[in-house]
Amino acid sequence: MNVVFLGPPGAGKGTQSVMVAEYFEMGYISTGNIMRSALKSGSELGNLAKSYIEKGELVPDSLVIKLIKEVLTLNPVENGYVLDGFPRTIAQAEALDNMGMVVNKVIFLDASEDTILARMSGRRVCEACGKSYHLISKPAKVDGICDKCGGTLIKRTDDNLETIVERLKEYHKKTEPLRQFYLNKKMLNFINGDGTIDDIQGKVIKAIKEGI
Ligand code: ADP
Ligand code: ZN
């Protein structure tokens, strides 16, 4: 089974999708995390993606599609993948189809603009492993330190108001059309992400279990 998480930035896709991958023992792929590690390491991909990410724009399809092909080939899994943040455009979704990857469920996690802004401004991520925290709703046990790996928690450079506004614009223009795309394919599960992490997780797991 393969599950795609879709929705506006800041709706909680990262948090929910990691929990789902653990729960169902599936592989987890976040294109955002991969880009951020590439950025940090100064690799070719990182250098190509940098200006887009910092402006809040989507990285060009050709680059992301090449990347996801590599990642899927290099990391075969038994129970399928949870894809967090891919596909984000119709072209990416079509590329996934062409790779022969069957998407069984699409979890569309939406949230109000107030929730999105509050989540992104309080978000902190582990510099080392990419795990995501929130100052209020999901604090680390020790302030500033990752529970999982002991890495330092930082604010993402694209989590400032100006870039957030750009990311939302990109989302409405390029990613939101995927909602109709997957609705037509009868794969879409719409979930309101305005509640608590545990409440939403319950709804997400239920949606995935139904129809397996
Ligand atoms: P969020 O969902 O919070 O916006 P992500 O961590 O998933 O953030 O992605 C961060 C940035 O990485 C995006 O703003 C975009 O520039 C780039 N990115 C991630 N996934 C994709 C994708 N599938 N296509 C194009 N760009 C992507
Ligand atoms: Zn960590």
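This passage describes the two ligand sites of a predicted model.

The surroundings of ligand 1 come first. Its shell holds 18 residues. Thr 31, Arg 36, Glu 57, Gly 85 and Arg 88 are the closest. By class, the shell comprises eight charged, six nonpolar and four polar residues. Helix α2, spanning residues 31-41, is the top contributor to this shell, with three residues.

Polar contacts to ligand 1 involve both side chains and backbone. Arg 88 places a polar side-chain atom 2.9 Å from an oxygen atom of the ligand. Gln 92 has a polar side-chain atom 2.9 Å from a ligand nitrogen. At Val 59 the partner is a polar backbone atom, 3.0 Å from a nitrogen atom of ligand 1. On its own, ligand 1 has 550 Å² of accessible area, and the protein covers 96% of it.

The second site holds a zinc ion, ligand 2. Its donors are the SG atoms of Cys 126, Cys 129, Cys 146 and Cys 149, at 2.3 to 2.4 Å. The four donor atoms subtend angles of 98 to 117° around the zinc ion, so the arrangement is tetrahedral. The donor residues follow the spacing C-x2-C-x16-C-x2-C in sequence. Cys 129 sits in the loop between β5 (123-126) and β6 (132-134), while Cys 146 sits in the loop between β6 and β7 (153-154). The pair therefore ties together parts that are 17 residues apart in sequence. Cys 129 is partly exposed, at a relative accessible area of 29%. Cys 146 is buried, at 4% relative accessible area.

Methods. Residues are numbered from 1 along each chain as its sequence is written. Chains are lettered from A and ligands numbered from 1 in the order in which they are written. This is a predicted model: local features need pLDDT of at least 70, side-chain atom pairs count only at pLDDT 80 or more; totals for chains, interfaces and linings use all residues. Side-chain values use heavy atoms; hydrogens and water are left out. A residue is near a molecule or strand if one of its heavy atoms lies within 4 Å of it. A polar contact is a pair of N or O atoms within 3.5 Å; within protein, one must be able to donate a hydrogen and the other to accept it, and residues adjacent in sequence count only if both atoms are side-chain atoms. Accessible areas come from the Shrake-Rupley method with a 1.4 Å probe; for residues, only the protein chains shown count as cover. Helices (H or I, at least four residues) and strands (E, at least two) are DSSP runs, numbered from the N terminus. Ala, Val, Leu, Ile, Met, Phe, Trp, Tyr, Cys and Pro count as nonpolar, Asp, Glu, Lys and Arg as charged, and the others, Gly among them, as polar. Donors are N, O and S atoms within 2.8 Å of the metal (3.2 Å for Na, K and Ca); water is not among the atoms, so sites may look incomplete. Four donors count as tetrahedral if all angles lie between 85 and 135 degrees; four count as square planar and six as octahedral if opposite donors are over 155 degrees apart and all others between 65 and 115; anything else is irregular. Buried means under 20% relative accessible area, exposed over 50%, partly exposed in between (1.4 Å probe, protein chains only).
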